[in-house]
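Hi everyone, thanks for making time. I'd like to walk you through a structure that's probably new to most of you, so have a look at it first.

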Amino acid sequence: MKESSAANIGEGSNEKHVNLRKREKQSQLLISRQKLEMATTCSIPMIDLHDFPNQSSKLMAACEEWGCFRLLNHHDILPSTLMSEMNSVAKSLFDLPVEIKRRNLDVVIGSGYTAGTEKSPLYEAMGMYDIPVRYDVETFCSQLDATPHQREIITKYVGAVHELLMSIAEKLAEGFGVKSENIGFQNWMFQFRMNKYHFTPQTVGLTGVETHTDSGFIYIVQIDEGVCGLEVMDKSGHFIPVDPHPGTIIVNLGDIAKVWSNGRFCNVKHRVQCKEPTIRLSIASGLLGPREAIEPLAELVNIDHPCVYVPTTYEDYRKFRFSKDLQAGEALVLQQTSSFVN
Ligand SMILES: O=C(O)CCC(=O)C(=O)O
C-alpha cells in the first residue's frame with residue numbers, strides 16, 4: 001500500500017516535471033527564435049505595452065540580447081501631446097542665459113547643469129537627481145525661473161514618465177516570475193535629465209556623447225522627433241542607429257539591470273553621433289536603483305547560476321565607476337564575486 005501510493009505520487013510528480021521541462025523548452029525555443037529574428041533584422045526590438053503578458057518573453061529576450069528596445073503604445077501613461085510639450089519646454093529652458101542654467105546645481109557629480117566638457121564639447125544638460133527626495137520639481141522650476149505653464153508640463157511629465165518606468169520594471173520582475181510588490185520599485189531613486197547637442201555643419205561626423213552604459217536600472221529616452229544620432233552597440237560590437245520612429249520611445253537598460261538580473265540582462269553600450277547639422281534634444285528619465293544594497297535577484301541565483309556580483313549600493317557603484325573613469329560598463333567587472341574573478 002505504502003509502496004503503491006509512493007509510486008503514484010512519484011508518477012504524478014514525474015508527469016508534472018516532464019510538463020514543466022516541456023514548457024521550459026518551449027519558452028527557450030521561443031526566446032531563441034525571437035533572438036534570431038532580432039539579430040537578423042538588425043534593428044532594436046519593438047515592444048507593445050498593450051500586448052502583455054503576450055509580449056513578456058519578447059521583452060525578456062530584448063533585455064538579454066540588446067539591453068534596449070522601442071516601446072509602443074505607451075501613450076495611455078505618457079501622452080504624445082505631453083511629450084511634445086515637454087520637448088518645447090526643454091528647448092526654452094536651454095535658451096535661458098547660462099547664469100540661470102547654472103543654478104541647477106549638482107546633487108552628485110554631473111547630475112545638474114553641465115556644458116561643453118573636454119570629453120563632450122557639443123553636449124549640454126540639466127537635470128534632477130533623486131526626485132523628489134534630494135531634488136524636487138519645485139526647486140528645479142524655481143531655480144530656472146520656470147513659468148507656471150512650464151512648471152505644469154514638467155510636473156506632469158516627470159509623474160508620467162515615473163509611472164511608465166514602474167510599469168516596465170513590473171514587467172521585468174514578472175518576466176522572472178517575481179512579484180514586483182516585493183521589490184519596492186516605488187522607493188528606488190529616480191533621475192530626470194534633458195540633453196542638448198550643439199550640432200553644426202562643422203561637427204557632422206563628430207561625437208556628441210562618447211560610448212557609455214547608463215549606471216542605473218532602466219531609462220526612458222525621448223529622442224528628438226526629427227534628428228538622428230543615437231546609436232546602440234549590438235552583441236557583435238557594431239553600432240546600430242536608433243533613429244526617431246513616430247509613436248515610440250526608447251528604453252535602455254543600465255549596469256544595475258545587469259546586477260539585478262545576475263548578469264542575464266545586457267547593459268547596452270550607446271553613444272550619440274552628429275549626423276545632421278542641427279541642434280538635437282533628448283530627454284532621459286531613469287529608475288536608478290534602491291537606496292540600500294542591490295544584489296542579484298535571489299530567484300536567479302542557484303547552483304548552476306552562482307551569484308555574479310557583490311552587493312553594493314547604487315550610489316557607491318556610481319562613485320566607484322566615476323572614480324575609475326570606467327563609463328562603459330567595465331566597472332561592473334570589478335564588482336564580480338570571487339568565483340568570477342580570474
Ligand atoms: O541623446 C540621446 O539620444 C541619448 C542620451 C544618452 O546617451 C543618455 O541619456 O545616456
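So, the protein has nine helices and 12 strands; these are DSSP runs, with helices being H or I over at least four residues and strands E over at least two, numbered from the N terminus. What you see is a predicted model, where local features need pLDDT of at least 70, side-chain atom pairs count only at pLDDT 80 or more, and totals for chains, interfaces and linings use all residues. Residues are numbered from 1 along each chain as its sequence is written.

How confident is the predictor? pLDDT is its confidence in each residue, from 0 to 100. The protein averages 89, and 87% of the residues score at least 70. Helix H2 (residues 56–65) comes out highest, at 98, while helix H1 (residues 2–41) is lowest, at a mean of 50. Over residues 1–11 the pLDDT drops below 50, and beyond near neighbours in sequence that stretch has zero contacts in the model. A contact here means two C-beta atoms, placed from the backbone, within 7 Å. Where pLDDT is low, don't read the predicted coordinates in detail.

Now, one residue I picked out: Arg 151, in helix H6 (residues 148–175). Is Arg 151 buried or exposed? Partly exposed, because 17 other C-beta atoms lie within 10 Å; buried would take 20 or more, exposed 12 or fewer, with C-beta atoms placed from the backbone. Not counting residues up to four places away in sequence, Arg 151 touches Cys 141 and Ala 146. Val 89 is 62 residues away along the chain, with 9.1 Å between its C-alpha atom and that of Arg 151.

Note on methods. pLDDT is the predictor's confidence in each residue, from 0 to 100.
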